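Work through the exercises below with the structure open. Try each task before you read its solution.

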Amino acid sequence: MSDAYLKAIATRRTNYAITAKSSVSDEKIHAIVKECVLHSPSPFNTQTSRVVILIGEQHTKLWKLCSEASLKGLEGERKTMVENRLKGFSGAYGSILFFEDQAVIDGSSAKMPMFAKQFPTWSANSTGMLQVAVWTALTLEGLGASLQHNGAFSDEFVANIHKEYSLPTTWVSTAIMPFGDPAAPPAEKTFGSMEERVKLIK
Ligand SMILES: Cc1cc2nc3c(=O)[nH]c(=O)nc-3n(C[C@H](O)[C@H](O)[C@H](O)COP(=O)(O)O)c2cc1C
C-alpha cells in the first residue's frame, strides 16, 4: 500500500537545472499547493502555514529584490558565485514562498503557555512538512525544484517581499522554492548508513 508513496518521496530531489517553462498549468500548480496546505499537519491543528505562488514577471521581480539585497557589500569571486546562483533561481518558471504566521503562533502560545517554548520548533516542523509535500507533488508532475533560504540571510529582502506583495508582516518567511521544467536530471546523491540512522528495537 505504501509503495507508491515511498516511490514518490524517493523521486523528490533538489534540481538546480530548471528552465523558465512549465509543462504544468498555473491552475494545476495552484490546486496542488492548496491541497498540500489543506492536508499538512500542524500542532493542535493551528494551521500556521501560509504560501504565495509567484509566476512570470512576479517571480522575476522576487529574484531581482533578492539580488538587490544579497549582493550588497559582496565583491570578487564571492559576488560572482552568488550572482550566478541567483541567476539560476531567477531563470526558473516560478517560485513558491513558504511562511508561518507568527500571529497565530503567538496566539497559541498565549492560550497554551505550557507549550510556549515548543511552538517555534513545531512551527519549523510544520513548514518543513508542507515544503516536502509540495516539493514531492511538483516532482511527480515532472517539475524540478529546489529549496532556498535567501530570506534567512537578508532582513531587507524579507521586508521587501512583504512590501512588494502586500503580505502581513506577521508572515515569517521560512523558505523559497524555485521550480520549472527540468533541463537535466538532479545530481547524484550519496546516502549514509541506514544501520547508523535507523534502529529497530523490539
Ligand atoms: C531544512 C533544509 C534546508 C535547506 N536549505 C537549502 C538551501 O538554502 N539551498 C539549497 O540549495 N538547498 C537547500 N536544501 C536542500 C538540501 O541541500 C538537499 O535536500 C540535500 O542536499 C539532499 O538532496 P535532495 O534534496 O536531492 O534529496 C535544504 C534542505 C533542507 C531539508
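Two strands count as paired if DSSP finds at least two bridges between them. Strands here are DSSP runs of E, at least two residues long, numbered from the N terminus. The model is predicted.

**Exercise 1. The sheet**

Task: Find the order of the four strands in the open sheet, and explain why one side of β1 and of β3 is left without a neighbour.

Solution:
- Step 1. Read the order across the open sheet: β1-β2-β4-β3. The strands pair in the antiparallel sense.
- Step 2. Look at the edges. β1 (49-55) and β3 (144-145) stand there, and each has a single partner strand, so one side of each lacks a neighbour in the sheet.
- Step 3. Follow β1 to its partner. Seven bridges join β1 to β2 (residues 94-101), and this pairing is antiparallel.
- Step 4. Pick out one facing pair. Ile 55 lies opposite Gly 94 in β2.
- Step 5. Add the helix. α3 (residues 57-70) packs on the sheet and touches β1 and β2. The directions of α3 and β1 make an angle of about 105 degrees.

**Exercise 2. Two partners of α3**

Task: Describe how α3 packs with α8 and with α4, using angle, distance and contact residues.

Solution:
- Step 1. Recall the description. Two packed helices are described by the angle between their axes and the distance between the axes.
- Step 2. Take α8 (residues 155-164). Its axis comes within 9 Å of that of α3, and the two cross at roughly 150 degrees. Angles over 145 degrees count as roughly antiparallel, so α3 is roughly antiparallel to α8. The crossing is right-handed.
- Step 3. List that contact. α3 gives Lys 61, Leu 65, Cys 66, Ala 69 and Ser 70. α8 gives Glu 156, Phe 157, Asn 160, Ile 161 and Glu 164. By class, there are five nonpolar, two polar and three charged residues.
- Step 4. Turn to α4 (residues 76-90). Here the axes are 9 Å apart and the angle is about 165 degrees. α3 and α4 are therefore roughly antiparallel. They cross in the right-handed sense.
- Step 5. List this contact too. Thr 60, Trp 63, Cys 66, Ser 67 and Ser 70 of α3 meet Val 82, Leu 86, Phe 89 and Ser 90 of α4. Five are nonpolar, four polar and none charged.

**Exercise 3. α2 against α6**

Task: Which residue classes make up the contact of α2 with α6?

Solution:
- Step 1. Place the helices. The axes of α2 (residues 26-39) and α6 (residues 119-140) come within 9 Å and cross at roughly 145 degrees. The crossing is right-handed.
- Step 2. Name the residues. Ile 32, Val 33, Cys 36 and Val 37 in α2 meet Leu 130, Ala 133, Val 134, Ala 137 and Leu 138 in α6.
- Step 3. Sort them. The contact has nine nonpolar residues, no polar and no charged ones.

**Exercise 4. Around the ligand**

Task: Which residues surround the ligand?

Solution:
- Step 1. Collect the shell: Arg 13, Thr 14, Ser 146, Leu 147, Gln 148, His 149, Pro 186 and Lys 189.
- Step 2. Sort by class. The shell has two nonpolar, four polar and two charged residues.

Technical notes. Residues numbered from 1 in each chain as written. Predicted model: local features only at pLDDT ≥ 70, side-chain atom pairs only at ≥ 80, totals over all residues. Near = placed C-beta within 6 Å. Nonpolar A, V, L, I, M, F, W, Y, C, P; charged D, E, K, R; others polar. Contact = placed C-beta atoms within 7 Å. Axes fitted to C-alpha atoms, helices over the stretch in contact; angles between N-to-C directions. Parallel < 35°, antiparallel > 145°, perpendicular 65-115°, else oblique. Left-handed = near helix turned anticlockwise from the far one by under 90°.
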